[in-house]
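Please look through the sequence and the model below before reading on. The paragraphs that follow go from single side chains to helices and then to the chain as a whole.

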Amino acid sequence: MRYADGGGLTAKGRQRREAVRLEAAGLFTDGLRAAEVARRLRISPKSAYQWQKAWRDGGAAALASLGPVGQRCKLSQLCLEKLAACLDEGPAAHGWDQDQVWTGARVATLIGRKFHVSYSVSGATRLMRRLGFTPQVPARRAAERDEQAVAAWKEATWAEVKAPGRPATASSASRTKPGSPADRRKAAPGDDAASPRS
């Protein structure tokens, strides 16, 4: 699985992993086989064989960390600080005065307006999280919604429109499954007699 931030490792984790690789390089120099290095360092044999091949091809320098992987941020550090300040000001300061919600789409639009850089909604959302902000989802309600009319409709009309449910019988808790034979009414003598013909 590929992680967005440097293989899922922090800077400290990358340093720790690099130290293990360099220790493996020392063991390879001492003549140990990859399987023994894997056992000693408690790593997978596959990693040990890959590291041994890299060590043979380029020495210990080939096992040094290359730093975080992935695409670099499109915004400079100064631009990120300006973006954080804009987000602190709130959406109303930047033209969204209907509600005080920073969505991924709004942040992507703001980045385009302020810095002339194109970001996708998901990319803007990740950038917000990186800056310590949480993207929000606005409530989906019509702008013309009249709460009093909705409440009046619920009281007056809904009671008439709502179909009454089938009453549950005393013999069963389920509407689809009949009650157990023990719960059924016992037949009185003569109930099973045939009705007279007319």
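Is Lys 53 buried or exposed? At 51% relative accessibility, Lys 53 counts as exposed, where buried means under 20% relative accessible area, exposed over 50%, and partly exposed in between, computed with a 1.4 Å probe and the protein chains only. The model is a predicted one, in which local features need pLDDT of at least 70 and side-chain atom pairs count only at pLDDT 80 or more, while totals for chains, interfaces and linings use all residues. Residues are numbered from 1 along each chain as its sequence is written, and side-chain values use heavy atoms, with hydrogens and water left out.

Lys 53 forms a salt bridge with Asp 57, the closest N and O atoms being 3.1 Å apart; a salt bridge here is a side-chain nitrogen of Lys or Arg within 4 Å of a carboxyl oxygen of Asp or Glu. Both residues belong to helix α3 (residues 45–58), where they are four residues apart, about one turn of the helix. Helices (H or I, at least four residues) and strands (E, at least two) are taken as DSSP runs and numbered from the N terminus. An α-helix has 3.6 residues a turn, so residues three or four places apart point the same way. Asp 57, at 59% relative accessibility, is exposed as well.

Helix α3 itself has 14 residues and reaches 20 Å from its first C-alpha to its last, close to the 20 Å expected at 1.5 Å a residue, the expected span being 1.5 Å times one less than the number of residues. Which residues of α3 are buried? They are Ser 47, Ala 48, Trp 51 and Gln 52, and because they cover an arc of only 135° around the axis, they are on the same side of α3; the arc is that of the directions from the helix axis to the C-beta atoms. The other side of α3 carries the exposed residues Lys 46, Lys 53, Arg 56 and Asp 57. The cover over the buried residues of α3 includes α1 (11–29) and α2. After α3 comes Gly 59, whose phi is positive, near 75°.

Tyr 49 is also found in helix α3, where, at 49% relative accessibility, this residue counts as partly exposed. Not counting residues up to four places away in sequence, Tyr 49 touches Ala 34 and Ala 35, contact meaning heavy atoms within 4.5 Å. Between Tyr 49 and Ala 38, which are eleven residues apart in sequence, the distance from C-alpha to C-alpha is 8.5 Å.

Helix α2 (residues 34–41) holds a further set of charged pairs, beginning with Glu 36 and Arg 39, which are three residues apart and therefore separated by about one helical turn. Side chains of opposite charge can pair when their charged atoms come close. The closest N and O atoms of the salt bridge between Glu 36 and Arg 39 are 2.6 Å apart. Glu 36 also meets the side chain of Arg 40 in a salt bridge, at 3.2 Å from N to O, and these two residues of α2 are four residues apart, about one turn of the helix. Glu 36, Arg 39 and Arg 40 are thus linked in a network of salt bridges. Within this network, Glu 36 is partly exposed at 25% relative accessibility, Arg 39 is exposed with a relative accessible area of 57%, and Arg 40 is partly exposed at 47%. The structure as a whole holds five salt bridges.

How many disulfides does the structure hold? There are zero disulfides, a disulfide being a pair of cysteine sulfur atoms within 2.5 Å. For Cys 73, the closest cysteine sulfur is that of Cys 79, which at 8.9 Å is too far for a bond. Cys 73 is partly exposed at 28% relative accessibility, whereas Cys 86, at 10%, is buried.

Turning to the whole chain, the protein has seven helices and zero strands. Of its 198 residues, 25% count as buried. Among contacts between residues at least 6 apart in sequence, 45% join residues at least 24 apart. The chain exposes about 15,200 Å², of which carbon and sulfur atoms supply 52%, with accessible areas coming from the Shrake-Rupley method with a 1.4 Å probe and, for residues, only the protein chains shown counting as cover.
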